[in-house]
Amino acid sequence: MMELTHDHLPIHLTDLGQRYGSVYRLKCGKTTMVVLNSCEVIREALVKKWSDFAGRPISYTGDIVSGGGRNISLGDYTEEWRAHRRLVHSALQRCCQRSLHGVIERQALHLRKVLMDYQESAVDLSEDFTVAASNVITTLAFGKEYDKTSPELQELHHCLNKIVALWGSSWISALDSFPLLRKLPNPVFACLLKEVARRDAIIKQHLNSYKAQNKINEDAITGFLLQGLDKHQSTESGELLTDVHVHMATVDLLIGGTETAAAWLNWTVAFLLHRPEVQTSVYEELCRVLEGRYPKYSDRHRLPVLSSLISEMLRLRPVAPLAVPHRAIRDSSIAGYFIPKNTVIIPNLFGAHHDPAVWPEPYSFKPERFQEGGGGSARFLMPFGGGARLCLGESVAKIELFLFTAYLLRDFQFVLPQNECSLPDLRGVASVVLKIKAYKVVACPRP
Ligand code: HEM
């Protein structure tokens, strides 16, 4: 248990990997966990033997935050889950094709305006990044954008952030490992229950007002999902998917899609402050290749310097550093070790991305490692996991990270505030999402 309460768990598990090898076991109460620390063993479990390891641990607290396991990220691998994931996946694919590019472009231009309005003052941009990423998702989900000051948006964020933070706390995880503790008063758990109820009330209100519209807009994901339910029910096994699945998928998209992309942008700006010459070379490439216009996602192959920056950031700071725990559905093996049914598997993506056997100087920020013949190592990157549980928002995230970064670096030079003598601390704070500690930056408009 002590091993799991470390303040930077991914780094700690990576250090243990250096000592005990790429596969080792931890005991936590009655639960046995196996930690995987290299790309090779993670691939073996998640991709090659996906059908053995596609489960999620069934837990008391997980059930509470996931509507009884009926969301995608925490739901166990069942027929119902597969139908749910398929439906949401096709909704996302459809909106990637139809509207995603435009939605992100609008948000990127809006972000540009917000940064311009700061007039080169020193600011913490984390909230602006969160609003931008969140607006991409709420526009996709409900066809609705928010202002930073909107009480609706603030309430939603506050509540989702709190759920993620509380759920990651040892006060809560202890309830899964030591059932007797559930009989004792636990104020942190009471708070979690309250936030989950609040989250559900907010989402329900959104969905109801959405359904009350005369004509359901199928361009928004929730519209497509609600229509999809009818089709699904008439074609497959009766009442498999219901409104609850649409509700929980909305929670999945909001949680999965907001803090991840926002944290990633915040990390990227901080690393660029450490190596300003990388920022200059991305800017020069954007000017040279695009000749003044804004980029499209289809330009990415003509922008190798920008693409290598994105890859290096995904390597160094995979924002979901320990993915989401998996569960062995049946007896299996990894790297020749016997893995009994129900073992919890922790894919340490952070560890795999810092494996010195694959990445020379793994802790250094060197985007150039992905250029000049180094592109081959890109196949060892797995920030989105893999196999049956591959991040559902991978395509959305890739387009989003590319366009936001390109728009920001085309229009601004990020510099350290004049009165600030120390660069941002790059160690970070790891919970479910790996975030950087707050720092201030100046965004100077490019000529
Ligand atoms: C799951 C990474 C953005 C939705 C995951 C997992 C990882 C991940 C590592 C766990 C995979 C596993 O269990 O093996 C990331 C990164 C992102 C990002 C690095 C951006 C930088 C997004 C976005 C969305 C999203 C934008 C939604 C639009 C989800 C969902 C799951 C998931 C729903 C659960 C999938 C399942 O259990 O089947 N993500 N993600 N993610 N992600 Fe993402």
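Begin by selecting T280, which lies in helix α12. The model on display is a predicted one. T280 counts as partly exposed, because 13 C-beta neighbours lie inside 10 Å. Next, add Q413 to the selection. The C-alpha atoms of T280 and Q413 are 8.2 Å apart in space, although 133 residues separate the two in sequence.

**Helices α12 and α13**

Now extend the selection to the whole of helix α12, residues 276-290, and add helix α13, residues 304-316. The axes of these two helices come within 8 Å and cross at roughly 140°. That angle makes α12 oblique to α13, since only angles over 145 degrees count as roughly antiparallel. To view the contact itself, display V278, S281, V282, E285 and L286 on α12, together with V305, L306 and L309 on α13. By class, this contact of α12 with α13 has six nonpolar residues, one polar and one charged.

**Two loops with positive phi**

Proceed to A335, in the loop between β4 (332-334) and β5 (337-339). Most residues other than glycine have a negative phi. A335 is not a glycine, yet its phi is positive, at about 50°. With 14 other C-beta atoms within 10 Å, A335 is partly exposed.

The following loop to visit is the one between β5 and β6 (344-347), where N342 is placed. N342 also has a positive phi, of about 75°, although it is not a glycine. Is N342 buried, exposed or partly exposed? It counts as partly exposed, with 15 C-beta neighbours inside 10 Å.

**W81 and its surroundings**

Select W81 next; its place is in helix α5. W81 has 21 C-beta neighbours inside 10 Å and therefore counts as buried. Leaving out residues up to four places away in sequence, W81 touches G75 and D76. Then add H245 to the view. W81 and H245 are 164 residues apart in sequence, while their C-alpha atoms are 9.5 Å apart in space.

**Helices α5 and α6**

From W81, widen the selection to helix α5 (residues 79-117) and add helix α6 (residues 126-142). Their axes are 9 Å apart and the helices pack at an angle of about 150°. The two helices are therefore roughly antiparallel to each other. The crossing of α5 and α6 is right-handed.

Which residues make this contact? On α5, display C95, L100, V103, I104, Q107, L111 and V114; on α6, display D128, A132, N135, V136, T139 and L140. The residues of the contact of α5 with α6 divide into nine nonpolar, three polar and one charged.

**The largest nonpolar core**

The last stop is the largest nonpolar core, which has 115 residues. Within this core, L36, L140, I221 and F404 touch the most other members. Which helix supplies the largest share of the core? Helix α11 (residues 243-274) does, with 17 residues.

Finish by centring the view on F404. Apart from its neighbours within four places in sequence, F404 is in contact with I104, A108, A132 and L265. Two of these partners have already appeared on the tour: I104 on α5 and A132 on α6 belong to the contact of those helices. L140, one of the core residues that touch the most other members, also takes part in that contact from the side of α6.

Conventions. Residues numbered from 1 in each chain as written. Predicted model: local features only at pLDDT ≥ 70, side-chain atom pairs only at ≥ 80, totals over all residues. Core = buried A, V, L, I, M, F, W, Y, C linked by C-beta atoms within 7 Å. Buried ≥ 20, exposed ≤ 12 C-beta atoms within 10 Å, placed from the backbone. Helix = DSSP H or I, 4+ residues; strand = E, 2+ residues; numbered from the N terminus. Contact = placed C-beta atoms within 7 Å. Axes fitted to C-alpha atoms, helices over the stretch in contact; angles between N-to-C directions. Parallel < 35°, antiparallel > 145°, perpendicular 65-115°, else oblique. Left-handed = near helix turned anticlockwise from the far one by under 90°. Nonpolar A, V, L, I, M, F, W, Y, C, P; charged D, E, K, R; others polar.
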